[in-house]
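Subject: The structure we talked about

Hi,

Here is the structure for you to look at. Open it up first, then read my notes below.

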Amino acid sequence: MPYEVRGVIARGEGREVSVEKVLVPDPGPGEAVVAVQACGVCHTDLHYREGGISDDFPFLLGHEAAGVVEAVGEGVTGIEPGDFVILNWRAVCGQCRACLRGRPWYCFATHNATQKMTLEDGTELSPALGIGAFLGKTLVAAGQCTKVSPEAPATVAGLLGCGVMAGLGAALNTGGVTRGDSVAVIGCGGVGDAAVLGAQLAGASTIIAIDVDDRKLAWARDFGATHTVNSRENDPVDAVRDLTDGFGADVVIDAVGRPETYRQAFYARDLAGTVVLVGVPTPEMTLELPLLDLFGRGGSLKSSWYGDCLPSRDFPMLIDLYLQGRLPLDKFVTETIGLDDVEESFAKMERGEVLRSVVVL
Ligand SMILES: NC(=O)c1ccc[n+]([C@@H]2O[C@H](COP(=O)([O-])OP(=O)(O)OC[C@H]3O[C@@H](n4cnc5c(N)ncnc54)[C@H](O)[C@@H]3O)[C@@H](O)[C@H]2O)c1
Ligand SMILES: [Zn+2]
Ligand SMILES: [Zn+2]
């Protein structure tokens with residue numbers, strides 16, 4: 001018997017989302033159904049609604065979630081009903097060329113559920129990032145469930161399922177930030193502030209937060225930024241150089257993902273420094289840079305998929321840090337909302353009023 005639950009659906013480019021009845025099949029081999037307890041609203045959900053990721057409408061939104069395993073399919077080991085899990089969107093396969101070379105965080109063949117969740121009329125849904133968790137119960141591949149301590153509240157744990165992990169990992173894993181580094185972060189939403197926090201955890205001595213919104217900059221300070229720059233008022237490249245003895249930062253993280261912010265990141269970086277692109281661009285965006293600058297400035301230009309995380313390694317460890325009071329994840333939760341409030345939360349995100357709105361189910 002399929003489960004009947006309510007979920008947030010995006011039906012077409014630019015159209016407001018609607019809450020509709022969704023049919024969720026019983027888990028098949030290798031699959032699990034998870035009763036979602038909380039799911040954060042990430043900017044990527046808005047990208048989906050706007051057709052910025054693909055045009056496989058209708059989408060079932062939500063992908064930053066935690067909940068309790070409801071049922072598992074045949075052959076599933078490692079999780080069982082009742083387990084508290086964070087859903088991840090990179091369930092590594094263990095067999096592709098990246099996994100076999102010992103770099104599973106790049107896995108090129110990550111697992112999702114094989115069966116489809118549908119609308120009442122049978123229309124197949126495309127779950128955002130293979131999750132779809134603005135939904136009472138969702139169907140995923142069992143490997144997408146990462147067991148963590150149930151002592152952490154779901155509102156906080158779910159954030160590690162996407163934006164906060166992406167930001168922390170952009171600094172810690174992709175950027176390789178280490179003690180004494182100077183770091184600049186462009187765009188201080190949920191992802192950017194997590195990058196600021198990651199830089200602080202790693203012991204960076206200078207952390208420059210850059211945004212166009214003063215409210216966001218105040219929050220970034222609270223996560224550990226030592227300096228802030230409003231890039232509407234001041235040139236961010238000059239500002240970063242001024243704050244780093246004229247050199248530029250060792251690591252610059254672009255958590256916006258636009259050609260102009262990438263260019264700022266590229267030039268705000270010291271020679272041989274690192275640029276990390278964690279913000280997601282849209283298909284029409286292009287970037288032009290003098291090739292000689294690319295050569296002459298050296299260093300590395302990296303993209304960060306999900307903060308190069310390994311959910312099985314990173315989620316339990318970060319939840320433990322949170323429970324020890326060493327990772328202030330609560331500060332990311334600006335408000336908790338219901339399924340019917342997701343459309344309004346996109347507007348709040350665009351107006352810069354929230355770091356994370358978290359849907360509680
Ligand atoms: N790489 C990944 O794995 C991954 C994971 C999650 C999210 N993302 C992406 O990261 C980006 C940020 O997500 P979020 O949820 O933090 O979004 P958000 O909307 O909460 O934050 C974006 C921030 O950027 C600021 N901003 C916008 N334009 C700017 C500009 N020109 N210069 C400086 N700041 C600017 C905004 O004021 C806001 O504070 C999105 O593109 C999202 O899709 C990537
Ligand atoms: Zn793989
Ligand atoms: Zn996300």
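The protein has 11 helices and 18 strands; both are DSSP runs numbered from the N terminus, with helices being H or I over at least four residues and strands being E over at least two. One caution: this is a predicted model, so local features need pLDDT of at least 70 and side-chain atom pairs count only at pLDDT 80 or more, while totals for chains, interfaces and linings use all residues. As for labels, residues are numbered from 1 along each chain as its sequence is written, and chains are lettered from A and ligands numbered from 1 in the order in which they are written.

Overall shape next. The C-alpha trace spans about 65 × 40 × 40 Å along its principal axes. The radius of gyration is 20 Å, which agrees with the value near 21 Å for a compact globule of 361 residues (it is taken over C-alpha atoms, and the globule rule is 2.2 Å times the number of residues to the power 0.38). Of those 361 residues, 52% are buried, where buried means that 20 or more other C-beta atoms, placed from the backbone, lie within 10 Å of the residue's own.

Now the domains, whose bounds come from an automatic or database domain assignment. Domain 1 covers 3-161 + 328-360, and domain 2 covers 166-304. Their centres, taken over C-alpha atoms, are 28 Å apart. Where they meet, 10 residues of domain 1 are in contact with 11 of domain 2; contact means C-beta atoms, placed from the backbone, within 7 Å. On the domain 1 side, helix α1 (residues 43-49) gives the most, with three residues. By class, that side has three nonpolar, five polar and two charged residues (Ala, Val, Leu, Ile, Met, Phe, Trp, Tyr, Cys and Pro count as nonpolar, Asp, Glu, Lys and Arg as charged, and the others, Gly among them, as polar).

What surrounds ligand 1? There are 34 residues around it, and H43, A166, G187, G189 and V191 come nearest; a residue counts as near if its C-beta atom, placed from the backbone, lies within 6 Å. Both domain 1 and domain 2 supply at least three residues each to this shell. Among the elements giving at least two residues each are α1, α4 (163-174) and α5 (190-202). The shell has 15 nonpolar, 14 polar and five charged residues.

Have a look at helix α7 (residues 236-243) too. Its buried residues are P236, V237, A239, V240 and L243. They sit on the same side of α7 because they cover an arc of only 165° around the axis, the arc being that of the directions from the helix axis to the C-beta atoms. They pack against β11 (182-186), β12, β13 (227-230), β14 (249-254) and α8. Just after α7 comes D245, with a positive phi near 55°.

Helix α8 has its own buried residues: T261, Y262, Q264, A265 and F266. Their cover includes β11, α7, β14 and β15 (269-277).

Last stop: V229, in strand β13. Is V229 buried or exposed? V229 is buried, because 24 other C-beta atoms lie within 10 Å. Leaving out residues up to four places away in sequence, V229 touches I208, I210, N234, P236 and A239.

Shout if anything is unclear!

Technical notes:
Contact = placed C-beta atoms within 7 Å. Buried ≥ 20, exposed ≤ 12 C-beta atoms within 10 Å, placed from the backbone.
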